[in-house]
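Reader: I am new to this structure and would like to go through it by questions. Please show it before we begin.

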Amino acid sequence: MDEGNQSLVSEFVLLGLAHSQKLQVLLFIIFLMLYLLILSGNTIVMFLIITDKNLHSPMYFFLANLSFVDMWLSSATTPKMITDFLKEPKIISFAGCMSQVFFDHCVGAVEMLLLVVMAYDRYVAICKPLHYFTIMNLKRCTGLVLTSWAIAFVHAMSQLLAVVQLPLCGHMEIDSFFCDIPLIIKLACMDSHILDIYMNVDCGFVVVTCFILLLISYTYILLTVRQSSKAGASKALSTCTAHITVVMIFFVPCIFIYVWPLSITWLDKFLAVFYTVFAPLLNPAIYTLRNKEMKDALKKFKNHFMDYKENT
């Protein structure tokens, strides 16, 4: 097929996570429950931060934004995956496929950049506590979030434009549960070596830069914490441990998929599920369970709810 025939590609077939009908029904139930937990968990985090005045600080402002992004990250691919468990064949339109490419990379990049912003926020709070509220004012916090979205949009567009006009041929089968650039490139009717390098460099720049900035930030923080009082150090270490856990959960799969690809199909599927489903699921749990203020806000909300129930 030459470039002129590329317009004939109107849909792709997704091979999904499994072929057994019984296993797919089981996966449908599991992932439906997980997706509902993702939506409810992140919604609760946002609700608590918006309604509890004690959580109106820069750290929780960024956490609310992270929860919002987590819901979008999972929603870009998970609903389609869930419905496909009950369908054969698993068809996705060309436009739907390109939409998944764009939103997966855009929202994924926002999440990475937000994690860097949150690390910077903790750096300022721990290393420059006297200037914290001056530096991390509402205008700057809002600007950092909007900048993250702008950079992510540019990154996602650069990825989308690289594949949307790609001449494709052969069986339009994608061996995954969603459309992703490395898998689409495999269908190209051309030598894709240069495109593979471009994709790795583009994604690698975002992933590796963010990861290095995070390592630098948390190294400074941990060195500062060592010199602090025991009480302050314990609280700061608890907060940083939660942040570092989230960073590792999200970045490790992305590095192996986009920067250092292993080209092992089952492993790529597992890693993709991990960062699109389990990372958004674990983030609210990690931040809530390891954070005293969030636990207090949740307890307060429960008490208000119980009181309201008794009075009605």
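Author: What follows is a set of questions and answers on salt bridges, buried positions and surface patches.

Reader: What kind of model is this, and from which number are residues counted along each chain?

Author: This is a predicted model, in which local features need pLDDT of at least 70, side-chain atom pairs count only at pLDDT 80 or more, and totals for chains, interfaces and linings use all residues. Side-chain values use heavy atoms, with hydrogens and water left out, and residues are numbered along each chain, as its sequence is written, from 1.

Reader: How many salt bridges are there?

Author: A salt bridge here is a side-chain nitrogen of Lys or Arg within 4 Å of a carboxyl oxygen of Asp or Glu. Side chains of opposite charge can pair when their charged atoms come close. By this rule the count is seven.

Reader: Which residues are linked with Asp84 in a network of salt bridges?

Author: Lys87 forms a salt bridge with Asp84, with 3.6 Å between the closest N and O atoms. That pair belongs to a network of salt bridges, and the residues linked with Asp84 there are Lys80 and Lys87.

Reader: Is Asp84 buried or exposed?

Author: Buried means under 20% relative accessible area, exposed over 50%, and partly exposed in between (1.4 Å probe, protein chains only). Lys87, at 37%, is partly exposed. Asp84 has a relative accessible area of 3%, so Asp84 is buried.

Reader: Which residue forms a salt bridge with Glu88, and is that partner buried or exposed?

Author: Glu88 is exposed, because its relative accessible area is 54%. Its salt bridge has the closest N and O atoms 3.0 Å apart, and the partner is Lys90. At 3% relative accessibility, Lys90 is buried.

Reader: What is the omega of the peptide bond from Glu88 to Pro89?

Author: Pro89 is in the loop between helix 3 (78-84) and strand 2 (90-93); helices (H or I, at least four residues) and strands (E, at least two) are DSSP runs, numbered from the N terminus. The peptide bond from Glu88 to Pro89 is cis, with omega near -5°.

Reader: Are Arg122 and Asp121 buried or exposed?

Author: The side chains of Arg122 and Asp121 meet in a salt bridge of 3.0 Å, N to O. Both residues are buried.

Reader: Which side chain does Asp70 join in a polar contact?

Author: Asp70 is in helix 2 (residues 58-75), and at 1% relative accessibility Asp70 is buried. A polar contact is a pair of N or O atoms within 3.5 Å; within protein, one must be able to donate a hydrogen and the other to accept it, and residues adjacent in sequence count only if both atoms are side-chain atoms. At 2.9 Å, the side chain that Asp70 joins is that of Asn283.

Reader: What distance separates the C-alpha atoms of Leu115 and Phe61?

Author: Leu115 is in helix 4 (residues 94-127) and is buried at 2% relative accessibility. Leu115 and Phe61 are 54 residues apart along the chain, and their C-alpha atoms are separated by 12 Å.

Reader: Where is Val208?

Author: Val208 is partly exposed, with a relative accessible area of 35%. The place of Val208 is in helix 8 (residues 193-226).
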